[in-house]
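Here is a quick tour of one protein model, going from the overall fold down to a few charged side chains. Have a look at the structure first, then read on.

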Amino acid sequence: MTQIRKSDTRQALLDAAAALISATPGQDVPLRAICDQVGVKLPTLYHFFGSKEGLLDAVIEHGFASYLALKSSAESTGDPIEDIRRGWDAHVRFGLENAGFYALMYGQVTPHRRPAAAAAPRAALVGLCREAAEQGRLAVPAEQAADHVLAANVGVTLFLITAEEPDLALSAAVRDATVAAITGLPEAQVVEPAPAGTLAQGLLHALGDAEQQLGEAETALLRKWLRTLAEG
């Protein structure tokens with residue numbers, strides 16, 4: 001009979017906890033259920049993780065490791081601002097597809113304390129912001145820009161996780177507003193078209209001595225059409 005190594009048992013408990021937490025986001029997972037999945041008793045779980053909090057910390061680290069692997073696998077576009085935009089979208093997708101993990105990673109808040117594993121994704125974002133700053137494309141310091149992006153990204157993801165139907169258009173709108181804020185570039189503005197009469201009046205003023213280019217008859221006809229539009 002093959003003896004199971006301690007490292008295998010620890011990993012099996014971690015995988016079982018991660019699977020159960022991911023399958024039941026927002027719900028408490030009994031330790032006994034985790035042990036039953038692996039076929040061990042509670043003392044074995046306490047031996048490896050010390051407490052339920054120790055197990056959850058290990059699961060959080062596992063979640064951040066999975067998230068970082070996803071981010072690392074994405075190819076850079078060569079443009080740090082575009083990479084920040086794509087990173088935002090990848091962050092949201094990860095949260096929606098791994099709601100249980102994400103709720104532990106970013107939703108389980110302890111005042112004045114962040115999971116140590118959260119440092120690596122933030123460092124990657126700071127790196128992109130520093131690259132953008134070196135290109136003169138940021139309106140705020142790199143670390144401040146990174147914190148702005150991360151805070152907005154996490155807030156949107158948690159909001160979408162709790163929504164009945166995730167609104168990805170909302171995510172895109174907040175993403176673009178955040179990028180506009182850190183770069184100092186205006187967001188795309190929706191310009192209302194001017195009324196036809198206003199345009200016609202402007203064209204009448206712009207005609208000037210058009211007779212020399214169009215001919216008198218053609219210019220007179222054009223002026224007549226424009227006056228009709230302007231007065232309509």
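Read from start to end, the protein chain runs α-α-α-α-α-α-α-α-α-α-α-α. That makes twelve helices and zero strands. Keep in mind that this is a predicted model.

**The chain as a whole**

Of the 232 residues in the protein chain, 31% count as buried. The accessible surface of the chain adds up to about 14,400 Å², and carbon and sulfur atoms own 55% of that. As for contacts with a separation of 6 or more, 66% of them are between residues 24 or more positions apart.

**A covered helix**

Helix 6, residues 99–107, is a good place to stop: it is mostly covered, with seven of its nine residues buried. Which residues are they? The buried ones are Ala99, Gly100, Phe101, Tyr102, Leu104, Met105 and Tyr106.

**Asp83, a buried acid**

Now step back to helix 5, which spans residues 80–97 and holds Asp83. Which side chain of opposite charge is nearest to Asp83, and how far away is it? It's Arg86, at 5.5 Å, and Asp83 is buried without any salt bridge. A salt bridge needs the nitrogen and the carboxyl oxygen to be within 4 Å, so a 5.5 Å gap doesn't qualify.

Asp83 does have a polar partner, though: its side chain and that of Ser76 share a polar contact of 2.7 Å. Leaving aside residues up to four places away in sequence, Asp83 touches Ser76, Thr77, Gly78 and Leu128.

**Salt bridges**

Over the whole structure, a search turns up nine salt bridges. Here are three of them, with the N to O distance for each.

| Side chains | Distance (N to O) |
|---|---|
| Asp79 and Arg137 | 2.9 Å |
| Asp89 and Arg175 | 3.0 Å |
| Arg175 and Asp176 | 3.0 Å |

Take Asp79 and Arg137, whose side chains meet in a salt bridge. This pair links distant parts of the chain, 58 residues apart: Asp79 sits in the loop between helix 4 (52–73) and helix 5, while Arg137 sits in the loop between helix 7 (119–134) and helix 8 (142–162). How covered are the two partners? Asp79 is partly exposed, with a relative accessible area of 25%, and Arg137 also counts as partly exposed, at 30% relative accessibility.

Next come Asp89 and Arg175, joined by a salt bridge of 3.0 Å. Here too the link is between distant parts of the chain, with Asp89 in helix 5 and Arg175 in helix 9 (residues 168–183), 86 residues apart. Is each partner buried or partly exposed? Asp89 is partly exposed, at a relative accessible area of 26%. Arg175 has 10% relative accessibility, so it counts as buried.

Arg175 also forms a salt bridge with Asp176, at 3.0 Å from N to O. Asp176 is partly exposed, with 30% relative accessibility.

Which residues make up the network around this spot? Glu82, Arg85, Arg86, Asp89, Arg175 and Asp176 are linked by salt bridges into a network. Arg86 turns up again here as a member of that network, even though Asp83, with Arg86 5.5 Å away, has no salt bridge.

Conventions:
Residues numbered from 1 in each chain as written. Predicted model: local features only at pLDDT ≥ 70, side-chain atom pairs only at ≥ 80, totals over all residues. Heavy atoms only, no water. Buried < 20%, exposed > 50% of the residue type's maximum accessible area, 1.4 Å probe, protein only. Helix = DSSP H or I, 4+ residues; strand = E, 2+ residues; numbered from the N terminus. Lys, Arg positive; Asp, Glu negative; His and termini not counted. Polar contact = N/O pair within 3.5 Å; in protein donor to acceptor, adjacent residues only side chain to side chain. Contact = heavy atoms within 4.5 Å. Areas by Shrake-Rupley, 256 points an atom, 1.4 Å probe, with all protein chains shown as cover.
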